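Visitor: I'd like to learn how to read a model like this one, feature by feature. Could you walk me through it?

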Amino acid sequence: MNTVVIGAGSLGTLVGGILAHEHDVTLVAREDHVRAVRESGLRLEGVIDAAPSRVFPAATTDG
């Protein structure tokens, strides 16, 4: 499944990160947020037990 989260703020990024555990996800967000996701990924801690500690969804500023 391919998913695009447009306007990925805190909640959209959380949902996108959880989905990125098993699916292709692209986050559309502000430049500073996109840069951080590209450089460091998303750390999912205590969200779901099966989740890895870090996921790297695609991130862009273009919707």
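Visitor: What share of the contacts in the chain with a separation of 6 or more comes from residues 24 or more positions apart?

Guide: Keep in mind that this is a predicted model. Here, 42% of those contacts join residues 24 or more positions apart. For one pair to look at, take His21 and Arg54: they are 33 residues apart along the chain, and their C-alpha atoms are separated by 8.8 Å.

Visitor: Where does His21 sit, and how accessible is it?

Guide: Find the loop between α1 and β2; His21 is there. Its relative accessibility is 26%, so His21 counts as partly exposed.

Visitor: You're already naming elements. How many helices and strands are there, and what pattern do they follow?

Guide: Count two helices and five strands. Going along the sequence, they read β-α-β-α-β-β-β.

Visitor: Next, the inside. How do I read a nonpolar core, and which residues make up the largest one?

Guide: The general idea first: in soluble globular proteins, nonpolar side chains tend to be buried together. In this chain of 63 residues, 35% count as buried. The largest nonpolar core has 12 residues, including Val5, Ala20, Leu27, Val34, Val37, Leu44 and Ala59. Two elements, β2 (24–28) and α2 (31–40), each give two or more residues to this core.

Visitor: Which residues does Ala59 touch, leaving out those up to four places away in sequence?

Guide: Ala59 is in contact with Leu27, Val34, Val37 and Arg38.

Visitor: And Thr60, what does it touch with that same sequence filter?

Guide: Thr60 belongs to strand β5, residues 58–60. Its contacts are Thr26, Leu27, Val28, Ala29, Val34 and Arg38. Look at its side chain too, which reaches the backbone nitrogen of Asp62 at 3.2 Å.

Visitor: Let's try another threonine. Is Thr3 buried or exposed?

Guide: The trick is to compare the relative accessibility with the cut-off: buried means under 20%. Thr3 comes in at 16%, so it counts as buried. You'll find Thr3 in strand β1, residues 2–6. Beyond residues up to four places away, Thr3 touches Leu19, Asp24, Val25 and Thr26.

Visitor: Now the outside. How much accessible surface does the chain have, and what part belongs to carbon and sulfur atoms?

Guide: The total is about 4,100 Å², and carbon and sulfur atoms hold 49% of that.

Visitor: Which residues form a nonpolar patch on the surface?

Guide: Leu11, Leu14 and Val15 do, and together they have about 260 Å² of accessible area. Take Leu11 as your example: it lies in helix α1, residues 10–20. With 59% relative accessibility, Leu11 counts as exposed.

Visitor: Charges last. How many salt bridges does a search of the whole structure find?

Guide: The search finds one. Glu45 pairs with Arg43, and the closest N and O atoms are 3.7 Å apart. For a check on that distance, the cut-off is 4 Å between a side-chain nitrogen of Lys or Arg and a carboxyl oxygen of Asp or Glu.

Visitor: Are Glu45 and Arg43 buried or exposed, and why?

Guide: Exposed means over 50% relative accessible area. Glu45 has 61% relative accessibility, so it counts as exposed. Arg43 is exposed as well, because its relative accessible area is 56%.

Note on methods: Residues are numbered from 1 along each chain as its sequence is written. This is a predicted model: local features need pLDDT of at least 70, side-chain atom pairs count only at pLDDT 80 or more; totals for chains, interfaces and linings use all residues. Side-chain values use heavy atoms; hydrogens and water are left out. Patches are made of residues with over 30% relative accessible area and no salt bridge: like charges are joined within 9 Å, nonpolar side chains (Val, Leu, Ile, Met, Phe, Trp, Tyr) within 5 Å. Accessible areas come from the Shrake-Rupley method with a 1.4 Å probe; for residues, only the protein chains shown count as cover. Helices (H or I, at least four residues) and strands (E, at least two) are DSSP runs, numbered from the N terminus. Buried means under 20% relative accessible area, exposed over 50%, partly exposed in between (1.4 Å probe, protein chains only). A polar contact is a pair of N or O atoms within 3.5 Å; within protein, one must be able to donate a hydrogen and the other to accept it, and residues adjacent in sequence count only if both atoms are side-chain atoms. Contact means heavy atoms within 4.5 Å. A nonpolar core is a set of buried Ala, Val, Leu, Ile, Met, Phe, Trp, Tyr and Cys residues joined through side-chain atoms within 4.5 Å.
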